[in-house]
Amino acid sequence: MTVTETDRIEMADSDARSLDEMFDRLERFQVPEGYKVEVVRGAVFMSPQRDVHWYIIRRIVRALEDRFGMNVNVLSDVRIDFPGYMNGFCPDVVKVAQGAEKTPQGRWCCEDIEFVAEVISRDTAANDYGPKKAAYAQAEVPVYLIADPYTGKCRLHTEPKDGAYHVESTIDFGVPVDLTGTVVDLTLATDEFPRD
């Protein structure tokens with residue numbers, strides 16, 4: 001059987017519909033307060049939000065607001081669909097390009113994402129370092145930052161091309177993360193990032 005471009009579009013639309021149905025069911029399900037829910041490769045993951053997690057997210061959001069102003073389009077835990085099989089991620093921090101518009105379905109396009117930061121949770125760390133990193137690279141998100149309160153390190157991924165990040169660096173908490181050569185063009189202080 002030969003797969004045509006029309007078949008690919010229909011398969012992609014089918015995945016999107018299945019993902020929409022999955023999220024509709026999850027919304028009807030009473031997810032406990034303080035839990036984040038996302039779909040990675042068609043599997044549902046629910047993880048509790050801890051205070052350490054939030055403190056790091058807040059500091060990253062604040063740095064973006066300080067750099068770009070209070071009207072910067074920064075989101076947290078908002079569904080964005082990414083390439084791959086049924087990937088409906090809710091990243092910890094996302095910066096959307098200025099002037100980007102939502103789809104007719106009311107969602108942001110992964111192609112408009114300039115920066116993603118994920119703060120590691122013990123139960124879902126493998127997703128952040130694995131399939132989510134791969135999907136962000138495939139979507140060509142220019143900057144992907146992982147903050148790991150268990151190891152006290154940040155992993156910075158830049159220069160996505162051909163489905164992979166070609167520049168990676170590890171920065172200890174306490175050492176500023178230099179993002180000045182990227183689209184976010186700032187230095188992120190990590191000296192107050194808490195450890196877990």
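Buried means under 20% relative accessible area, exposed means over 50%, and partly exposed is in between (1.4 Å probe, protein chains only). Keep that to hand for the tour.

This is a predicted model, in which local features need pLDDT of at least 70 and side-chain atom pairs count only at pLDDT 80 or more, while totals for chains, interfaces and linings use all residues. Residues are numbered from 1 along each chain as its sequence is written, and side-chain values use heavy atoms, with hydrogens and water left out.

**Whole chain**

Start with a cartoon view: the protein chain has four helices and twelve strands. These are DSSP runs numbered from the N terminus, with at least four residues for a helix (H or I) and at least two for a strand (E). Of its 196 residues, 43% count as buried. Switch on a surface and you're looking at about 10500 Å² exposed by the protein chain, 48% of it from carbon and sulfur atoms; accessible areas come from the Shrake-Rupley method with a 1.4 Å probe, and for residues only the protein chains shown count as cover. Take the contacts (heavy atoms within 4.5 Å) with a separation of 6 or more: 51% of them in the protein chain are between residues 24 or more positions apart.

**Select Leu145**

You'll find Leu145 in strand E8, residues 143-148. Its relative accessibility is 0%, so Leu145 counts as buried. Ignoring neighbours within four places in sequence, Leu145 is in contact with a list of residues including Ile60, Phe115, Ala117, Leu156, Val177 and Leu188. For a distance label, try the C-alpha atoms of Leu145 and Thr158: they are 8.7 Å apart, with the two positions 13 residues apart along the chain.

**Widen to the core**

Now colour the largest nonpolar core, meaning a set of buried Ala, Val, Leu, Ile, Met, Phe, Trp, Tyr and Cys residues joined through side-chain atoms within 4.5 Å. This one has 26 residues, and those touching the most other members are Ile60, Val93, Phe115, Leu145, Leu179 and Leu188. Two or more residues each come from helix H2 (51-68), strand E7 (113-119), E8 and strand E9 (153-161). H2 gives the most, with seven residues.

Click on Phe115 next. Beyond four places in sequence, Phe115 touches Ile60, Leu64, Val93, Val94, Lys95, Val141, Val143, Leu145, Leu179 and Val184. A second, separate core has 22 residues, among them Leu75, Phe82, Phe89 and Ala139.

**On to the charges**

The structure holds ten salt bridges; each is a side-chain nitrogen of Lys or Arg within 4 Å of a carboxyl oxygen of Asp or Glu.

- Show Glu114 and Lys95: their closest N and O atoms are 2.5 Å apart in a salt bridge. Glu114 sits in strand E7 and Lys95 in strand E6 (residues 93-96), 19 residues apart, so the pair links distant parts of the chain. Glu114 is buried at 19% relative accessible area, and Lys95 is buried at 5% relative accessibility.
- Go to Lys153 and Asp172, whose side chains meet in a salt bridge at 2.5 Å, N to O. Lys153 lies in strand E9 and Asp172 in strand E10 (residues 164-172), so this pair ties together parts 19 residues apart in sequence. Lys153 is partly exposed at 32% relative accessible area, and Asp172 is partly exposed at 38% relative accessibility.
- Finish at Arg79, which forms a salt bridge with Asp81, the closest N and O atoms being 2.8 Å apart. Arg79 counts as buried at 13% relative accessibility. Add Arg107 to the selection: Arg79, Asp81 and Arg107 are linked in a network of salt bridges.
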